[in-house]
Structures are given as C-alpha cells and as structure tokens.
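Reader: I would like a close look at a single part of this model, the place where parts of a chain meet one another. Please begin with the contact between the chains and then work inward, in one connected account.

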Amino acid sequence: MQLGGYTDRNLLIDISNKSFKTIDWLKQKNDWLKFVGGRGFGAKIIWESTNADTDPLSPDSIITLNTGPLTGLPIPGAGRISMCAISPLTGIWADSSVGGAAGAEIKQCGYDSVIIKGRNKHPIYLHIHDEGVDFENAKHLWGKGSFETETIIKDELNNDARVLTIGPAGENLVLFACITTDYGRQAGRTGMGTILGSKNIKAIAINGTKDIPVTDLKKVVEITDEAIEFLLKNDPERYNIFTRHGTTMSLDWAQEVACLPTRNFQENVFEQSENINAESMEEKIKIADRGCYCCPLACGKLTKTKVNGEQVYVEGPEYETLALLGSNLGLGNLEAIAAANYLCDYYGLDTISTGGVIGFAIECAQRGLISLDGLKAEWGNTETIFNLIEKISYRKGLGKILAHGVKKAAETFGNGCQSLTMHVKGLEQSGYETRSLPGMSLAYGTSDMGAHHSRSTIVGWETRTDRFGITKEKVETQILLQHQRSLFDALGTCRFQWCECKLPFEFYPRYYVATTGIDADQDELLLGSERIFNLTRMINIRRGVSRKDDYPPERVFKEPLPSGSYKGKKMEREDYDRLLEMYYELRGWDKNGIPTKEKLAALGLR
Amino acid sequence: MQRRIGINASKCSTCRICEIFCAAVNTGTANPKKAHIRVVNMFPTPKIEFLESCNLCESLDVEIPICVKYCNRNALVLKEEG
C-alpha cells in the first residue's frame, strides 16, 4: 500500500545517452524509511553509488536532488530540495539545500529523488515532467547568467516549470559554483553548480501536475492552521521582526555578541555594521518580501541596486551575504554589497565561499604574499571586489587559482598563505567568527560538510548561557542540534519557523505522522537523523577524513582577537581537544572520530 | 452586495500559500496546480490570476475566501461593493 509523503519512486537520468528510468523502491520501503528522506535519501544513494576514488567532476559522479516526505504539502517552507553529492570543492560528502518551490515540482512529477549521472557532449537542459524527461539543447543558453537563463527557459516551455540554473561560474567549473532557482534562491554551498557544469547541464526545469500523496491532508491543514496561529500569537514581536527583516536581523546581533566575521575573520566586530544592518537595508534598498513555497515568513528581501550604472534587482543580501561580502571584505556600503550579491547570483557563485576567497586574497596581498593582478589590496574597495568576482567566474588571471577555493589556492600560493585560510575540510567558513566561541568552533569542526552552520548554530545557545564553558552539556546540546537541524533537510521543509520563530519542534513529528501515516515519534525521527549523520561520516571516512580534519581553522588557535569585547581571546587547543573527545565519546565514535562497530550496529548501518 | 478579490501583485511574496490552500480546501488535494488561483513567478513583480472556476469559495462554509485568509502580505484583499 502506498503511504503518504513518499512517491516510492526515484528517477535516474543518464546524461551520457540521454536516457532515464524510474526506480521503484516500494519493495525495499523499510530500508529507505530508515533514512527519512531528503538528505537521508541522498546519503543512502551516495554511499551506495560512490567510492573512495569517485572523482566528483567525472562522468561517473552523480548529483542527487532529494525531496522529503513533507515536501510539497501545505506546510510553511515545504518546497525544499536537498542536493547531495561528493563535493568538487572539498572531495567529501556534501549537501546543499535550496528553498523556493522546485522541490514541490519533483514531488508532483511523482518522484522522491532525482539522480543524475553521466556527461553530455554538448550543453543541454533537462525538462522533467509527469511523463519523464526531455533533453533540450542549451547551446543558446551557455554563457548566460542565471536569471536570464531562467526567464528564457520559462518562455520556451510556456508552463509552470520551476527552473534550476547555473551561471558562467558553473560552466567554467569554479569549484564553488551554485545552483539558482526562483530568481534568487540558491543551493549555494559545496559546488553543486560545478557538478552540473561538468555534466554540461545548464539547467533543470521541473513541471509536475500530479497530486502529492498524503495520508491525512485535513490533519496537515489543521496543524498548519495551528502553527500559523502559534507563530502570530506566541511571540508577535519576534515574528514581525523576522518577517520584516529576514535573516538580516542577525547582523546587529552578531555585532553585539562579537562574532561578525570582519576582514577575513581577523576581527569579529565591524565598525561600519550600522551601515549594513536590517534597518539600513529597509531604508536604503529593500523593495519587497520574498517567500519560499507556502511560507508566511517571507524571509527573502528583494532589493534594488546598480551594476555598471544599470538598475538591477536581487533577492538579498541575507545575513550570510552581508557578513561574507560585507564586513568580511571591510565593505560598509549596502548598495555595493547588493551589487556584489547580484554579480555572484548572475555568475552563479556561492556568496559565502566567494567572500571567503576574496577576503583571503586581500589579506594575503596586504601581507605581501601575493599580488592582486594590479588591483588594490584594500578592504572595502569595490573595484577590487567586483573585478575578483568576475575573474573567478571566468577563471581569468588570479581567478584561475582562486576558483579552487581557499584551501587549494593557499597550497598553490605557498609562502605561508595557508595560515590565513578560513575553512574546515576545504569549505570556506560561513558567517560566525569563533575564537571566543568554543561550541561554535566545534560546530564548524564537526559539521559533515565543512565549515557551514547548517548542522549547528550553537552560537545562539552558547552566547545566551555559558560562552566559554568546556562542558558536557555544551557537547550534548551540539549533538542534539546537529540532529534537529539536519532533520529538516531530511523532512524536506525549512527550519526557520522552528529555529528563528520558535515554532515548537513537536509540530514536525505531528506533520510526519499526518503525512505518512507512520506512527513515528520525535525520538524515532531524531534517531533517523543520527543514522544519517553517521552515514555521512562513514562516507567521509571512506574518503580519508578523520580526527585531523575535525578542527577549526588555524587562526582560531593562533591569533588572539585584536579588537572588540573579547580582545586577546583565542581558542586553546587543549580545550578544543577536550570538547572533541567528549563529542566522539557521546557519539559512540572512537578517539580518531570513527564510528564504532557497536554504534553502527545500533543504528542498523552495518 | 458584490464580492470580489482585489489583487496587489507588488505585495505578493510569491509564496503560493494562496494556491496551495485553495487546492487543499477546495479540491481536497495536495496539488496547487488544481487551485483556482495562479501565482506566476515573474521577475521582479509576479503576476496573480484567478481562473474562471473560482467562485470565491461560495461552496464552502467560510466567511472569507481561502486564498485571502492565508495571504498575510495583503496581496489579496476581499472587497465588498455596492
């Protein structure tokens, strides 16, 4: 019997010979349900379909687009796709989740996951629909920016398709190229756009019309009614601020608690933060709100700015982009940050890695370790920043080296540049500076994809409770957060309603039961999330990851903070080691960070 | 008294909550493509269209049409005139 939430089918597309087939997994349903959906399905597929030597940019590599059981339903933010692959940037497990509405279309085509392998000789775009896949010529789109590509394809198909695109950066195999949908939502991190580029796929248009299977739709609607009422009444001030400003509201907070990355993470407070905060955004550049599928929060902020004298529109900058392309580059001009955001979106670059890479380059140049192709090595210099974005996108001059990300660029530069790289496992660090935050250092160190906050932002808890503590409670909270936050990427819905607007976590097991008819409680779902986390760890271990890779960047241990409330503070290595050892022990991993046989057996993984 | 729904597309966030709940409540399906309203995601301003099949939820026992109820951006506003 088909339960709700799942279509029980995946779609396998081989680009090399333009073929596709449906994989029914109903008979193995129990095997799949253990992994919940979304990033869990991605982990299962990547574990089974890749090995220690899989080259992420070879035709043999795969990229998977995974929906979760809640995707497409009347649930706030439930349009998500978790894209999973081996990252070309880091060489290890990667998942990058995107909002908008494309996830709902995959479900409406009748699939849970889409798996793409192979490489086509010529540029194509895929059109996935109810009956299968059409392979369309994309020669006329090659070289075009993300937004233009989306509009042209929508015009060509003349239907309700949602379109995922790459820009020139993905075509040119910049290792941190992103995938864009709905004119401004990105699967930003880990180079998902690079993988599409390597396969000669310019875009994926998805248009489904089928009913999404759901066990008790009325109940799902009731729960959402209750959720919306809760959001409106429980803490209206918080709700109103978040819907008005989205994640940009975090900028003042990051400045206040001192974790705002500034000038390549050398500092954690930015003297011009008031020029780039939420109020300034609203006053200077915001023109409208943008919400993902079914989401009343509308955290996206559409803004206008100028690029080369022409007026352009861009969804953003959100907090991460304000931090990485703003304070981290010493740039206190909102219009310029929005312009840099626009350029990254147009070329198809991850704004976080781009800000990390350019910050790294400017600092190296300031210290006389490299030259910037004649550009000024100055913080906040828009000519330098805009030029480097273009050079990276087209791999021109210095861009050829920077297109590989900070880790590989530093290896090429040598000359001591490695000590200035801000990354974990090869992924540039996102928007939290951690020398005065042991828990957040651990969050970056132990995230399964590198220095990204999607697995845990314990920084919030840490700054509210015991900032400098090296405690078991902190590590336990960390592990719980890693399971809770990751569960949203498995369920296929957004976490902001919970983590930003305080919707109780208990709503999600209720959604799961109403959707699937499976009587699972919160503990079972969190166990599923833990199982996924251990499987992604095993994927990483198979690719050479171990304890040595679970550390924050060297700067965190070596350079005391030069300014701000925590001036003089740095992370002590022995404190971090204590946290890491507690973490391994609580996870049931050995001292080298490898899950024990007993742990894997208890999770049903071996 | 004539009822109609006023559209202010510049306030629309493109979240499609109107479509999704219209379909769920009026047709009993999780299928926004069956809704009586369409949000076309054009950039930078979306387009909102009502299909001829829309009867302002008259067949339901509700005070205001479902799409208006769920839109919290004031992109859809119920107007009673005459």
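Author: In this predicted model, the contact between the two chains draws 28 residues from chain A and 20 residues from chain B. On the side of chain A that touches chain B, at least two residues each come from α4 (146–157), α7 (217–234) and β13 (286–290) of chain A, and the largest share, three residues, is that of β13(A). Sorted by class, the residues on this side of chain A comprise 18 nonpolar, five polar and five charged.

Turning inward, chain A is divided into domain 1 (9–207), domain 2 (261–428) and domain 3, the last of which is made up of 438–501 + 521–602. The part to examine closely is the meeting of domain 1 of chain A with domain 3 of chain A, whose centres, taken over C-alpha atoms, are separated by 27 Å. Here 33 residues of domain 1 of chain A are in contact with 25 residues of domain 3 of chain A. Two elements, α2 (39–49) and β5 (93–98) of chain A, give two or more residues to the domain 1 side of this contact, with the largest share, five residues, coming from α2(A). The domain 1 side has 14 nonpolar and 14 polar residues, together with five charged residues.

The helix α2(A) can be followed further, to its partner α22 (residues 522–542) of chain A: the axes of these two helices come within 9 Å and cross at roughly 35°, and the crossing of α2(A) and α22(A) is left-handed. From α2(A), the residues that take part are A:Arg39, A:Gly40, A:Ala43, A:Ile46 and A:Trp47, and they meet A:Gly528, A:Ile532, A:Leu535, A:Thr536, A:Met538 and A:Ile539 in α22(A). Divided by class, this helix contact has seven nonpolar, three polar and one charged residues.

A strand pair of chain A may be added to the picture. Strand β1 (residues 9–14) and strand β2 (residues 19–24) of chain A pair in the antiparallel sense, over six bridges, and within this pairing A:Leu12 stands opposite A:Lys21 in β2(A). The hairpin that β1(A) and β2(A) form has four residues between the strands, and in it A:Lys18 takes a positive phi near 50°.

Definitions and conventions:
Residues numbered from 1 in each chain as written. Chains lettered and ligands numbered in written order. Predicted model: local features only at pLDDT ≥ 70, side-chain atom pairs only at ≥ 80, totals over all residues. Contact = placed C-beta atoms within 7 Å. Nonpolar A, V, L, I, M, F, W, Y, C, P; charged D, E, K, R; others polar. Domains from an automatic or database assignment. Axes fitted to C-alpha atoms, helices over the stretch in contact; angles between N-to-C directions. Left-handed = near helix turned anticlockwise from the far one by under 90°. Pairing = 2+ DSSP bridges.
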